[in-house]
Amino acid sequence: MASFKPTKVQVYPKLGEKVTQDTLYWKNYKAPVQIKEFGAITNIDFSPVAPHNFAVTAFTRIHIYGPFSQEPVKTFTRFKDTAYCGRFRSDGQLLVAGCEDSVVRLFDVSGKVALRMFKGHTKAVHITDFTSDRYQILTGSDDYTCRLWDIPNATELNTYQEHTDYIRCGVTSKLNRDLFITGSYDHTLKLFDARADKSVMTMDHGQPVESLLLYPSEGLLVSAGGRHVKVWDLLKGGQPLVSLKNHHKTVTCLCLSSSGHRLLSASLDRHVKVYNTTNYKVVHNFDYAASILSLALAPDDESIVVGMTNSILSIKHRKSLDESKEISGQQRRQPSYRVFVKGKNYVPKQDDYLVSKPVKQHLAKYDKQLKKFNVSKALDTALETWTRLRKPEITVAVIKELDRRGTLKNALAGRDEQGLARLLNFLIGNVVDPRFAPVLVTAAEMILDIYQSVIGQSSVVDRQLLRLQELLEREIDYQQDLLEVLGMLDTMFASSLPRKEVPCPGTQTTDITKQTFWYRF
């Protein structure tokens with residue numbers, strides 16, 4: 001008796017991953033270095049001057065890390081409550097931060113004690129930033145106000161109270177010391193001019209605003225709030241240009257690449273999306289273990305630093321050219337395929353004694369059922385959720401094998417409402433796939449022949465049969481349209497080809513008359 005032959009599952013070609021320049025650029029980072037902080041990391045800011053240390057604001061502390069250090073090189077702990085938004089000045093010598101106790105503190109990076117303490121807000125200060133002239137500070141608070149402070153005199157210059165909810169983000173102009181923009185939970189963005197007593201431009205984001213970003217040219221503004229990232233044209237009065245909705249949860253922070261050609265957004269859905277600023281399509285994606293609250297890129301994109309809700313600081317450093325070459329060399333030194341097939345194709349000579357070892361055959365669950373002639377159970381096994389969703393080619397191979405054996409009708413018959421609904425659901429999802437259509441069309445015809453007498457007894461089955469009918473009718477219409485287009489193209493190609501003069505065989509040509517045939521190809 002011949003041994004049982006397993007079902008042959010046809011291997012279909014798969015589309016390979018599209019490798020772009022962005023894929024190569026953003027994947028060229030080492031494994032992340034993870035540092036445990038004392039609380040959720042709400043802000044990360046890189047120093048504009050070398051060696052580009054970065055300040056990490058977490059709970060009641062601000063830690064300053066070196067580019068490659070895993071321990072803080074400086075720590076500021078003079079906060080009575082949770083600290084917010086530690087930011088460097090453009091010369092890297094001063095650092096300003098807000099606090100839950102409503103006090104704004106100014107630090108010398110080389111010292112420990114606060115140089116200035118600005119008091120005036122009545123609630124937590126979430127936003128702090130320096131103006132471009134280095135002598136003023138912008139702050140935004142949960143008391144609905146944003147204020148300008150003079151650093152040398154430690155006095156308040158102006159107060160703006162136009163928002164009607166918490167102010168949680170803001171940005172100052174790097175080209176004009178008098179301009180700054182704030183975002184609030186009242187869904188609005190407001191552009192202020194320090195020379196005026198009120199805002200000069202208002203934009204409605206539509207969601208509580210979590211983060212703001214100005215392009216280097218400062219003609220475009222990016223806002224993040226809810227699941228949306230929106231781009232505004234400030235030169236056209238705050239006209240909305242693009243609205244992006246690529247995240248599943250609230251977008252918490254934004255940043256630009258060093259070239260300004262890529263925009264990055266991070267969200268509570270644990271993803272960092274990289275957009276092309278030309279067409280705003282996603283060109284890369286980073287995944288993290290927890291929800292992201294803060295994100296920053298080092299100059300020249302040498303490091304990506306992410307702060308998460310689980311108090312983990314993740315730092316990815318870019319690989320150097322030597323490291324990239326070393327890794328590629330290690331990949332080439334991996335064992336080749338011939339090592340594993342060595343001796344497999346050896347043919348014994350005439351005087352050799354061949355000692356063979358029986359190889360145990362491992363059968364899949366559906367093959368075990370087929371071996372026992374349990375055709376219905378074999379089909380049920382092939383229709384299990386994981387198999388039919390992830391490996392539909394296995395289900396199609398079992399149906400094809402049952403049809404080859406002539407037992408497909410027996411396997412399809414005798415099913416209850418749930419089993420028939422599962423089978424119809426698989427047909428609806430795959431019958432128009434050109435790889436599976438020849439097999440599944442036959443199965444669909446058998447199902448209609450078997451169960452036509454019970455149509456109308458189950459609303460679930462009837463609804464699926466109608467979906468199957470609509471799907472097939474739509475596919476037939478597509479095929480007819482394609483045939484019409486194909487006929488048009490054939491006509492166009494035939495008329496565009498040049499005529500060729502072909503002499504008729506067996507005829508004599510003279511100087512006076514020539515007998516020729518014309519053919520159009």
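## A walk from salt bridges to cores

Asp193 and Arg195 join their side chains in a salt bridge, with 2.9 Å from N to O. Since this is a predicted model, please read that distance, and those that follow, as computed from it. The two partners sit in contrasting surroundings: Asp193 is buried, at a relative accessible area of 13%, whereas Arg195 is exposed, at 59%. They also belong to a wider group, for Asp133, Arg177, Asp178, Asp193 and Arg195 are linked in a network of salt bridges.

Across the whole structure, a search finds 18 salt bridges. One of them brings together the side chains of Arg105 and Asp101, at 3.2 Å from N to O. Here the arginine is the buried partner, since the relative accessible area of Arg105 is 3%, while Asp101 is partly exposed at 24%. Another joins Arg415 and Asp380, with 2.6 Å from N to O. This pair ties distant parts of the chain together: Arg415 lies in the loop between helix 8 and helix 9, Asp380 belongs to helix 5, and 35 residues separate them. Arg415 is buried, with a relative accessible area of 14%, and Asp380 is partly exposed, with 29%.

Let us turn to the strands. An open sheet is built from four of them, in the order 6-7-8-9, with antiparallel pairing. Strand 6 (83-88) and strand 9 (114-118) are its edges; each has a single partner strand, so one side of each has no neighbour in the sheet. On average, neighbouring strands here are turned by 20 degrees against each other, direction ignored. If you look between strand 8 (residues 104-108) and strand 9, you will find four bridges joining the two in antiparallel fashion. Within that pairing, Leu106 has Arg116 of strand 9 as its bridge partner.

Next comes strand 10 (residues 125-130), which holds Thr128. The strand is mostly covered, with six of its six residues buried. Five bridges pair strand 10 with strand 11 (residues 136-141) in the antiparallel sense, and Asp129 stands opposite Leu138 of strand 11. The hairpin made by these two strands has five residues between them, and Arg134 takes a positive phi near 75 degrees there.

Thr128 itself deserves a closer look. Its relative accessibility is 0%, under the 20% limit, and therefore Thr128 counts as buried. Beyond its neighbours within four places in sequence, Thr128 is in contact with Cys85, Arg87, Val96, Ala97, Gly98, Val104, Leu138 and Thr139. With Cys85 there is a particular link: the side chain of Thr128 reaches the backbone oxygen of Cys85 at 2.7 Å. Gly140 is twelve residues from Thr128 in sequence, and their C-alpha atoms are 6.7 Å apart.

Finally, follow the chain to its helices. The largest nonpolar core has 37 residues, and Ile399, Leu402, Leu424, Leu440 and Ile447 have the most contacts inside it. Two or more residues each come from helix 4 (365-371), helix 5 (375-382), helix 7 (392-405), helix 8 (408-412), helix 9 (417-430), helix 10 (437-451) and helix 11 (459-496). Helix 10 contributes the most, with seven residues. For a view from inside, take Leu424: leaving out residues up to four places away in sequence, Leu424 touches Ile447, Val461, Gln464, Leu465 and Leu468. Apart from this core lies another, of 18 residues, which includes Phe286, Leu295, Val306 and Met308.

Methods:
Residues numbered from 1 in each chain as written. Predicted model: local features only at pLDDT ≥ 70, side-chain atom pairs only at ≥ 80, totals over all residues. Heavy atoms only, no water. Core = buried A, V, L, I, M, F, W, Y, C linked by side-chain atoms within 4.5 Å. Buried < 20%, exposed > 50% of the residue type's maximum accessible area, 1.4 Å probe, protein only. Contact = heavy atoms within 4.5 Å. Polar contact = N/O pair within 3.5 Å; in protein donor to acceptor, adjacent residues only side chain to side chain. Pairing = 2+ DSSP bridges. Axes fitted to C-alpha atoms, helices over the stretch in contact; angles between N-to-C directions. Salt bridge = Lys/Arg side-chain N within 4 Å of Asp/Glu carboxyl O.
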